Amino acid sequence: MKIRLLSFITACLFCMQALMAQQQGTPVRIGVDGLTHDHINGLLRDYGKRSDIQIVGIAEKNKALVERLAKRFGFDPAIVYDDLETMIEKTKPQGVVAFNSIFEHLHTVEVCAPRGIAVMVEKPLAVSSEHAAKMAELARTHHTMVLTNYETSWYPTNHKAREIAVTSPAIGDIRKVIVCDGHKGPREIGCSEEFLAWLTDPVLNGGGAVIDFGCYGANLMTWLMHNEMPQSVTAVLQTLKPDVYPKVDDQATIILAYPHCQAILQGSWNWPVDRKDMEIYGARGYVKALNANNLVFRPTREKPEESQTLSPLPEKEREPFGYFANLIKGELTIEPTDLASLENNLIVVKILDAARRSARENRTIVLTE
């Protein structure tokens, strides 16, 4: 009898392990809300080649855009629906990634959160703190994830720089951080007309370079500071190319003041070259993330500068869509201080709100908890 019982238990355990392995190997069903954000190209480029995720449906009403992208990337236009509600009803995604305007992020969460569907939006989280607060309330009420994706979240140099400056810390207490992000301008680099239509709109995007690239530095600095709110925000916004960007800024400098350090965030559509770099200066030394893979580090003035070329992040955390899928499957967890977290990005939106207000009123904005 004992032998039979043991055999039965063993068989049950084997079946459970087989079922878990099968579930782990099943791709996560992903829906897409919108195709007007050009960052969608990175996801569609791998369409049909990935085993961890499956794009089961797309919500996009611009038929010409759908036809163009379907022809370019090879997806079946039959999986495209005019609205998010219908797409979800027909395809039952486990998670939705938003590639629409920043203003539309709120609607994405309004539709998905009550249905228990996780959401990942492209940076930043929202056009305003008002929108962000509504999204946060929906996420908390319905116990759903709302994440924000930044290209720089997957740079191994940023993670190594944080390790050197914060976890160790090998350079002493942080005194100053400088983050530079941007390029020649979205029109100059050839962004699509569908993307430009809302990216250069003060309502649909919330601003110009201050939103598009100021958010990167706000996200990274909030991460370095463990979600500490800055004491004050001072910003200068300019439009150096009014003939190209008549409605929004194309040049933004934001200064964040903390009790013992400050950050200078420089977002621009006027750089002569593409930039996404970060410099962290401590009481004794510095570390500079020059790009995704190259870093320089000088622990003290007595020691020479070291250069490092870094390998990619661990497989489950090296790119946004696999990361999103692993969170949905429960193979990863997200902390409130992580780069993609809702808590970090609520602070980011508050910083951007204060930056626009500072430039508009020509004064420093003091923030309180």
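In this predicted model, the side chains of D353 and R356 meet in a salt bridge, with 2.4 Å from N to O. Both residues belong to helix 12, where they sit three residues apart, or about one turn of the helix. D353 is partly exposed, with a relative accessible area of 22%, whereas R356 has a relative accessibility of 16% and therefore counts as buried, the limit being under 20%. Side chains of opposite charge can pair when their charged atoms come close.

The structure holds 16 salt bridges, and some of them link distant parts of the chain. One of these joins E319 and R50, again through their side chains, at 2.6 Å from N to O. E319 is located in the loop between strand 14 and helix 11 (320-329), while R50 is in the loop between helix 2 (40-44) and strand 2 (53-59), 269 residues apart. E319 is partly exposed at 22% relative accessible area, and R50 is also partly exposed, at 23%. Together with D52, these two residues are linked in a network of salt bridges.

Another salt bridge brings together the side chains of D212 and K123, with an N to O distance of 2.6 Å. D212 lies in helix 9 (residues 209-212) and K123 in the loop between strand 5 and helix 6, so this pair ties together parts of the chain that are 89 residues apart in sequence. Both D212 and K123 are buried.

K123 also takes part in an unusual piece of backbone. Most residues other than glycine have a negative phi, and most peptide bonds are trans. The bond between K123 and P124, however, is a cis peptide bond, with omega at about -15°. P124 is in the loop that runs between strand 5 (118-122) and helix 6 (129-142).

Positive phi values turn up at two other loop residues. K92 is not a glycine, yet its phi is positive at about 55°; this residue is in the loop between helix 4 (84-91) and strand 4 (95-98). N362, likewise a residue other than glycine, has a positive phi near 60° and is found in the loop between helix 12 (342-361) and strand 15 (365-366). K92 counts as exposed because its relative accessibility is 54%, and N362 is exposed at 71%.

Turning to the strands, nine of them form an open sheet with mixed pairing, in the order 14-13-12-11-7-10-9-8-15. Strand 14 (306-309) and strand 15 stand at the edges with a single partner strand each, so one side of each is left without a neighbour in the sheet. Further in, strand 12 (residues 286-289) pairs with strand 13 (residues 294-298) in the antiparallel sense over four bridges; V287 has F297 of strand 13 as its bridge partner.

Helices lie across these strands. Helix 12 crosses strand 8 (232-238), strand 9 (251-257) and strand 15, and runs at about 60° to strand 8. Helix 7 lies across strands 7 (174-182), 11 (275-282), 12, 13 and 14, and its angle to strand 13 is about 15°.

A closer look at helix 7 (residues 156-167) leads to T157, one of its residues. T157 is buried, with a relative accessible area of 0%. Beyond four places away in sequence, T157 touches A289, N291, A292, N293, N294, L295 and L310. With A292 there is a polar contact: a polar atom of the T157 side chain lies 3.1 Å from the backbone oxygen of A292.

Note on methods:
Residues numbered from 1 in each chain as written. Predicted model: local features only at pLDDT ≥ 70, side-chain atom pairs only at ≥ 80, totals over all residues. Heavy atoms only, no water. Buried < 20%, exposed > 50% of the residue type's maximum accessible area, 1.4 Å probe, protein only. Polar contact = N/O pair within 3.5 Å; in protein donor to acceptor, adjacent residues only side chain to side chain. Contact = heavy atoms within 4.5 Å. Pairing = 2+ DSSP bridges. Axes fitted to C-alpha atoms, helices over the stretch in contact; angles between N-to-C directions. Salt bridge = Lys/Arg side-chain N within 4 Å of Asp/Glu carboxyl O.
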